[in-house]
Protein chains: 2
Amino acid sequence: MPITHLPLNALRAFEAAARLGSMNAAATELGVTHGAVSRHVKALEERFGLPLFERHPRAIVPTREGAQLASELAEAFDRMQIAVSRVQPGPLTLSCSSTVMMRWLIPRLEKFKRANQAIELRLNINYDNVDFIREEISLAIRTSIYRAPAGAVAETLIHEEIGPVCHPDYADRLGLSKPDDLLRARILGSATRPQAWTDWAAALGRPELRMTPNEVYAHFYLVIQAAACGLGLALAPRLLVDDEIRSGHLVAPLGFVAGPYELQLWIADHLRGRVDVRTTANWIRAEMRAMSATP
Amino acid sequence: MPITHLPLNALRAFEAAARLGSMNAAATELGVTHGAVSRHVKALEERFGLPLFERHPRAIVPTREGAQLASELAEAFDRMQIAVSRVQPGPLTLSCSSTVMMRWLIPRLEKFKRANQAIELRLNINYDNVDFIREEISLAIRTSIYRAPAGAVAETLIHEEIGPVCHPDYADRLGLSKPDDLLRARILGSATRPQAWTDWAAALGRPELRMTPNEVYAHFYLVIQAAACGLGLALAPRLLVDDEIRSGHLVAPLGFVAGPYELQLWIADHLRGRVDVRTTANWIRAEMRAMSATP
DNA sequence: CGTTCGAGTGAGTTTTTATCACATCAAGCC
DNA sequence: GGCTTGATGTGATAAAAACTCACTCGAACG
């Protein structure tokens with residue numbers, strides 16, 4: 001079949017259906033009804049003379065050929081998207097967790113905007129993997145718990161230092177000065193990073209300490225907030241509580257130790273040449289360096 | 001612009017127009033009228049808000065952005081084509097010059113078909129570069145005068161040996177036994193390989209010999225035919241005249257010398273895994289080896 | 001100096017694509 | 001068992017997109 005007669009729209013619909021495992025979801029992504037997608041897929045199957053999906057009552061599963069075709073098409077569409085984005089550059093999009101956004105980015109955003117008035121910055125909240133091409137992400141700040149996906153390059157920003165933090169009065173009241181004192185305290189945990197306390201115990205060289213959270217919050221910034229309100233102890237990276245410690249809202253009674261992860265900057269591969277991306281990446285690096293320089 | 005709303009058909013039309021440098025040509029390739037292509041391109045330019053072509057009275061020239069976009073789109077469409085061809089494998093297509101087809105391939109084709117009845121072979125005539133993806137070529141036989149394009153890998157089949165050939169009576173009549181005797185003879189040339197005689201003189205170590213053809217034929221196989229009919233001397237690779245020499249229709253009064261080129265097999269990169277392609281490539285290699293083994 | 005060649009365009013037509021509304025099927029659940 | 005639910009398939013029809021036709025323009029060609 002020559003390229004000149006490929007049914008491009010049908011291929012796009014099929015690729016979406018295969019990637020999402022659902023005609024309905026594909027239809028939503030494409031902004032059409034499921035019927036339109038269903039027809040596209042059927043047209044393709046008739047044209048190729050082979051089934052691309054196994055139909056089950058509540059699900060569709062790509063056949064061997066379908067899966068292969070879909071994955072190769074995905075690459076082709078990615079390239080197309082990149083090609084177009086080069087003549088139609090969108091805003092710079094920075095993705096980070098809600099916590100990093102709350103406690104690190106937003107406090108510095110005014111300064112960034114003043115220094116880079118020409119850069120239109122769009123923010124995206126996400127703490128794990130993300131498709132840099134489809135979701136048009138330029139930069140992401142992530143911990144090394146996750147691996148940068150294909151299409152992005154990762155670099156180290158800082159090595160995380162972690163430690164328990166709480167309200168100053170709380171630390172005084174419970175007399176917290178060595179790890180074992182913590183067993184008397186209320187331990188606050190985060191759903192997005194369930195292994196945080198265990199990591200810390202391991203980093204201390206006390207893996208036997210059983211630091212099971214008494215309470216688990218949905219977001220990490222809620223844990224910090226709860227600690228600042230005297231509800232217990234949060235296990236936080238220094239980066240995210242430095243301002244609070246400086247202002248006296250929080251203390252770190254046991255200090256900080258080097259944690260097992262680092263904070264990374266992920267850069268969309270195809271955007272590395274863009275001036276605003278380089279500028280913003282440099283700004284992020286500089287701000288991070290400034291943080292780790294002030295103990 | 002999200003991938004879900006890319007105007008795929010307009011992008012294809014634009015890519016064709018940019019590649020061919022003409023809306024008309026693109027229209028022909030796509031099987032539509034030039035108006036349709038013109039409208040697609042205009043729609044794209046309006047959507048992007050920038051011109052993709054400079055319009056000149058009889059030509060369109062891609063702008064900087066247009067050229068960039070087109071070349072990246074070409075890659076994306078190539079991939080798409082490859083993806084589809086994997087689920088819809090077409091016939092195996094072998095491309096070679098009309099001369100190689102006449103004098104080497106066709107005489108062996110019957111044998112090939114008998115040995116490989118399952119392989120559907122399509123033939124394509126072309127002696128220089130060719131787009132393996134767009135024109136759906138699997139294998140090509142070429143001299144190393146040309147370089148294999150991106151998307152194909154080249155390997156050596158044989159090193160060409162070249163020498164003047166003519167009808168036996170012609171050689172007798174003119175008494176041809178050393179290079180300088182040829183100055184008395186009628187020199188036949190081919191438009192597709194105008195430097196053949198000069199190459200030979202150089203290979204002999206007699207670059208000063210001015211072997212200017214008295215007559216130039218459009219195709220190389222016509223030159224061989226003319227020589228076989230006693231019209232003069234052809235400068236031929238041994239490969240293409242071996243049968244004629246064996247049967248006594250031609251003689252090579254000065255023998256053959258190693259020429260500056262080799263005969264190559266070009267294989268479409270994305271088809272190297274296909275069984276019929278491997279089989280056919282092996283057959284070609286074996287047949288070529290058989291030729292160079294019999295002096 | 002008329003002819004030709006290639007592109008742009010208004011109006012109208014054809015083709016494709018999408019919607020709507022309903023059908024189907026089986027899993028999950030009282 | 002029988003009802004509900006969630007997902008896909010499809011006939012009829014509406015909407016949108018793509019295409020053609022027939023003409024225009026402008027300059028290069030001969």
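A polar contact is a pair of N or O atoms within 3.5 Å; within protein, one must be able to donate a hydrogen and the other to accept it, and residues adjacent in sequence count only if both atoms are side-chain atoms. Keep that in mind as we look at this predicted model, where local features need pLDDT of at least 70, side-chain atom pairs count only at pLDDT 80 or more, and totals for chains, interfaces and linings use all residues. Residues are numbered from 1 along each chain as its sequence is written, chains are lettered from A and ligands numbered from 1 in the order in which they are written, and side-chain values use heavy atoms, with hydrogens and water left out.

**Meeting the DNA**

Let's start with DNA strand D. The side chains of three arginines of chain A each place an N or O atom close to it, as the table shows.

| Residue | Atom of DNA strand D | Distance |
|---|---|---|
| A:Arg39 | base nitrogen | 2.8 Å |
| A:Arg55 | phosphate oxygen | 2.5 Å |
| A:Arg58 | sugar or linking oxygen | 2.4 Å |

In total, 21 residues surround this strand, and A:Met23 and B:His40 are among the closest. A residue counts as near the strand if one of its heavy atoms lies within 4 Å of it. Of the strand's atoms within 4 Å of the protein, 53% belong to sugar or phosphate and the rest to bases. H3(A) gives the most to this surface, with 5 residues. Helices here are DSSP runs (H or I, at least four residues), and strands are E runs of at least two, numbered from the N terminus.

**Two matching chains**

How are chains A and B related? A rotation of 179° with 0.0 Å of shift along its axis superposes chain A on chain B, with an RMSD of 0.3 Å; the fit is by least squares on the C-alpha atoms of residues with pLDDT of at least 70 in both. That is the relation of a two-fold axis. In chain A, the C-alpha nearest the axis belongs to A:Ala76, 2.4 Å from it.

**A look inside**

The largest nonpolar core has 62 residues, and A:Phe14 and B:Phe14 have the most contacts inside it. Such a core is a set of buried Ala, Val, Leu, Ile, Met, Phe, Trp, Tyr and Cys residues joined through side-chain atoms within 4.5 Å. Leaving aside neighbours within four places in sequence, B:Phe14 is in contact (heavy atoms within 4.5 Å) with residues including B:Val41, B:Leu44 and B:Leu73.

B:Asp181 is buried too, with a relative accessible area of 4%; buried means under 20%, exposed over 50%, and partly exposed in between (1.4 Å probe, protein chains only). Its side chain reaches the backbone nitrogen of B:Ser177 at 2.7 Å.
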